[in-house]
Amino acid sequence: MQPIDAFLLTRQWRDGPDGIELVFWAWSAAGPLRIVITGQEAVCFIERDRAVAGLPPRTRRQAVALTTLAGAPVDALYFRQQRDLMTLREAIRGHGVPLHESDLKPVDRYLMERFIHGGLRVRGQARQRAGYLEFRNPTLTGVEVTPRLSVLSLDIESADLDGEIWSVALIAEGRQQVYVVGAAPPDTPTHVTFVPDEPALLRASMDWIRGCDPDLLIGWNLANFDLDLLEQRCRIHRLPFRIGRDNEAAQVLPPLADGQSRTARISGRIALDGIDCLKMATWSFESFELEAVARQLLGRGKLVEDGDRLAAIHRLYREDPIALAAYNLEDAQLVIDIFEHADLFAFLVQRARMTGLALDRPGGSVAAFDHLY
């Protein structure tokens, strides 16, 4: 194929029997791209005069023409799998033998060494898959690309923080849809669909997301609440949580440390939380609740007044499900309007182009320095 210019969306790695496999998803004008790089090695560096015992099997030590910042020559340690590097790093921790650059993820190192920040040029043979092009072991180089990313805003209403989901609102590219569990009342709007039970709600919502095929999923407290609860309810009903661009089930990963957010891993799509994105763009509010931010930025808020909103949602579900659908849909619309008002999409793309950070990476000042340096 002719070279394709693209923009990075997601990056993942995994250990395999033949080495490390890297998987990148990217936006392109030709459609989504899935890029698979196989047979990679993990690498870190050790000062040449340092001995290290207990190297994992199939580890290579090789002299390279590099030095530390202090000028000491180093050898490279090559590992068949990333977990071998991590095992060695833990084993010698505290023994006074530093392993330089041992904390870099394989996907990040691969991009750094090719000077790829956000945009990349892909050269190689492609196979047409269902909804995307797949490249295996192509040549990648860095280029300047300004993507036109498609967006879907998602919001759910539920019985409580971990209870049954009653409605799901979805807005994407001028289309809107709300699914509600229950019997349809008279004069139901065309964009509201009533379904018999929660499994039907989950299946319909996931079908709609896959049908719209967005690059970005946005919401408020998205991974910590909406996606996390959707995954939980799918698990309860034994439904695969498939909202990505291939057949792999999406995952919501727990936070790595106290005070951090959950992370959504969705094939080919990035989940962007409005709260995290505003903080990344240095916005500050007394309260980051959707109502407070919307009032301050947009001059309007939720369709239910302040007070016991959970009780109000219970009442609407019992007495006026059409009003519940409107409330649900307005929350999804508020998120879109906040992103556009604060110019968050352009900010995140430009940040990625300048620093190499992933679009959904919160913070990351040290990682950005590593990438640029």
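Biologist: Where does Y373 sit relative to α10?

Modeller: Y373 lies in the segment after α10 (365–372). Helices here are DSSP runs of H or I with at least four residues, strands are runs of E with at least two, and both are numbered from the N terminus. This is a predicted model, in which local features need pLDDT of at least 70 and side-chain atom pairs count only at pLDDT 80 or more, while totals for chains, interfaces and linings use all residues. Residues are numbered from 1 along each chain as its sequence is written, and side-chain values use heavy atoms, with hydrogens and water left out.

Biologist: Why is Y373 called exposed?

Modeller: Exposed means over 50% relative accessible area, buried means under 20%, and partly exposed is in between (1.4 Å probe, protein chains only). Y373 has 67%, so it counts as exposed.

Biologist: Which residues make a nonpolar surface patch with Y373?

Modeller: L69 and F369 join Y373 in a patch of about 460 Å². Patch residues have over 30% relative accessible area and no salt bridge; nonpolar side chains (Val, Leu, Ile, Met, Phe, Trp, Tyr) are joined within 5 Å, like charges within 9 Å. A salt bridge would be a side-chain nitrogen of Lys or Arg within 4 Å of a carboxyl oxygen of Asp or Glu. The areas come from the Shrake-Rupley method with a 1.4 Å probe, and for residues only the protein chains shown count as cover.

Biologist: Over to L154: what makes it buried?

Modeller: Its relative accessibility is 2%, so L154 is classed as buried. L154 belongs to strand β11 (residues 151–158). Leaving out residues up to four places away in sequence, its contacts (heavy atoms within 4.5 Å) include V168, L170, I218, L222 and L230.

Biologist: And why does S150 count as buried?

Modeller: The value for S150 is 17%, therefore it is buried. S150 is in the loop between β10 (139–142) and β11. Beyond its neighbours within four places in sequence, S150 touches E173, D213, P214, D215 and L216.

Biologist: D213 is a good one to follow up. Why is D213 called partly exposed?

Modeller: D213 has a relative accessible area of 24%, so it falls in the partly exposed class. Its loop runs between α3 (198–212) and β15 (216–219). D213 also has a positive phi of about 55°, although it is not a glycine.

Biologist: Last one: is D187 buried or exposed, and how do you know?

Modeller: At 76% relative accessible area, D187 is exposed. D187 is in the loop between β13 (175–181) and β14 (192–195), and its phi is near 60°, a positive value in a residue other than glycine.
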